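Got the model open in your viewer? Let's walk through it one selection at a time.

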Amino acid sequence: MTATLVLGGIRSGKSALAEKLAQEKDGPVVYVATATIGDVEMQERVRLHRLQRPSQWWLEEEPLALGSVLRRKALMNPVPNLLIDCMSLWVSNLLHAGDDVFNRERDGFLTSLVRYPGEVVIVSNEVGLGIIGMDPLTRRFADELGWLNQALAKRCDKVVMSIAGIAQTLKG
């Protein structure tokens, strides 16, 4: 596995950077979307993301079982490069699914990631630079995403932070 973690705040350019990095890879690319469409605004965001992606990329929509996606894609020939966007929506989905699902899917994803034989680019929001949330769910979200980002950064070969559309290499 060769993996890159792309971190950034909201509208920092992290998704565009991740898409650029994935385009530079040889071979097919699967865009793994973790978003669920719950309202008109999110529907429009997803529509715009689809328009920006290269038409030859495959799409896999998976709000919970990312480890399963990696295990299935690892069996393909050729093994595709994966762009997973994004961890913050995934963590939110997992928190709403309950603690058992959260723990199982988080651990399954981290295990499958290090075993994946292809290239992976992962997008996540950096939440450690903001204020502390006012309610328990917001605080738990920030904690869990921060811990996940740390676990991913440890496992990834490269970590890049996008700030105002400018990439800053933190690792690799």
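Start with helix 3 and helix 5, which are roughly parallel to each other: their axes cross at roughly 30 degrees, and an angle under 35 degrees counts as roughly parallel. Keep in mind as you click around that this is a predicted model.

**Stop 1: helix 3 against helix 5**

Select residues 66–73 for helix 3 and 99–115 for helix 5. The two axes come within 7 Å, and helix 3 passes helix 5 in a left-handed crossing. To see what touches what, show side chains for L66, G67, L70 and R71 on helix 3, then E105, G108, F109, S112 and L113 on helix 5. Colour that contact by class and you get four nonpolar, three polar and two charged residues.

**Stop 2: helix 4 against helix 5**

Leave helix 5 on screen and add helix 4, residues 87–97. Here the axes come within 8 Å and cross at roughly 145 degrees. On the helix 4 side, pick M87, W90, V91, L94, L95 and A97; what they meet on helix 5 is V101, F102, E105, R106 and F109. By class, this contact has nine nonpolar residues, two charged ones and no polar ones.

**Stop 3: helix 4 against helix 6**

Now bring in helix 6, residues 136–155. How far apart are the axes of helix 4 and helix 6, and at what angle do the helices pack? The axes are 10 Å apart and the angle is about 125 degrees; helix 4 and helix 6 are therefore oblique to each other. The crossing is right-handed. From helix 4, the residues in the contact are M87, S88, W90, V91, S92, L95 and H96; from helix 6, they are L137, R140, F141, E144, L145, L148 and L152. Sorted by class, that contact holds nine nonpolar, three polar and two charged residues.

Before moving on, stay on helix 4 and select its buried residues: M87, S88, W90, V91, N93, L94 and L95. Turn on their surroundings and you'll find that they pack against helix 3, strand 4, helix 5, strand 5 and helix 6. Then click on G98, just after helix 4, where phi is positive at about 110 degrees.

**Stop 4: the sheet**

Hide the helices for a moment and look at the strands. There is an open sheet of seven strands with mixed pairing, in the order 3-2-4-5-1-6-7. At the edges sit strand 3 (58–61) and strand 7 (166–171), each pairing on one side only. On average, neighbouring strands are turned by 20 degrees against each other, direction ignored.

Next, select strand 1 (residues 2–8) and strand 5 (residues 119–125), a parallel pair with seven bridges. For a handy landmark, pick T4 and its bridge partner in strand 5, V121. Now bring back helix 1 (residues 14–23), which packs on the sheet. Helix 1 touches strand 1, strand 2 (29–33), strand 4 (81–85), strand 5, strand 6 (158–163) and strand 7. The direction of helix 1 makes about 175 degrees with that of strand 5.

**Stop 5: strand 4 and the strands beside it**

Zoom in on strand 4. How many of its five residues are buried? The count is five of five. Both faces are covered, with N81, L83 and D85 on one side and L82 and I84 on the other.

Strand 4 pairs with strand 2 in the parallel sense over five bridges, and Y31 has L83 as its bridge partner there. Strand 4 also pairs with strand 5, again in the parallel sense, over four bridges. To mark that pairing, select D85 and its partner in strand 5, V123.

**Last stop: V29**

Finish on V29, which lies in strand 2. Is V29 buried or exposed? At 3% relative accessibility, V29 counts as buried. Leaving out residues up to four places away in sequence, V29 touches A22, W57, W58 and N81. You've already met N81, among the buried residues of strand 4. Finally, draw a distance between the C-alpha atoms of V29 and M42: these residues are 13 apart along the chain, and the separation comes to 23 Å.

Conventions
Residues numbered from 1 in each chain as written. Predicted model: local features only at pLDDT ≥ 70, side-chain atom pairs only at ≥ 80, totals over all residues. Heavy atoms only, no water. Axes fitted to C-alpha atoms, helices over the stretch in contact; angles between N-to-C directions. Helix = DSSP H or I, 4+ residues; strand = E, 2+ residues; numbered from the N terminus. Parallel < 35°, antiparallel > 145°, perpendicular 65-115°, else oblique. Left-handed = near helix turned anticlockwise from the far one by under 90°. Contact = heavy atoms within 4.5 Å. Nonpolar A, V, L, I, M, F, W, Y, C, P; charged D, E, K, R; others polar. Pairing = 2+ DSSP bridges. Buried < 20%, exposed > 50% of the residue type's maximum accessible area, 1.4 Å probe, protein only.
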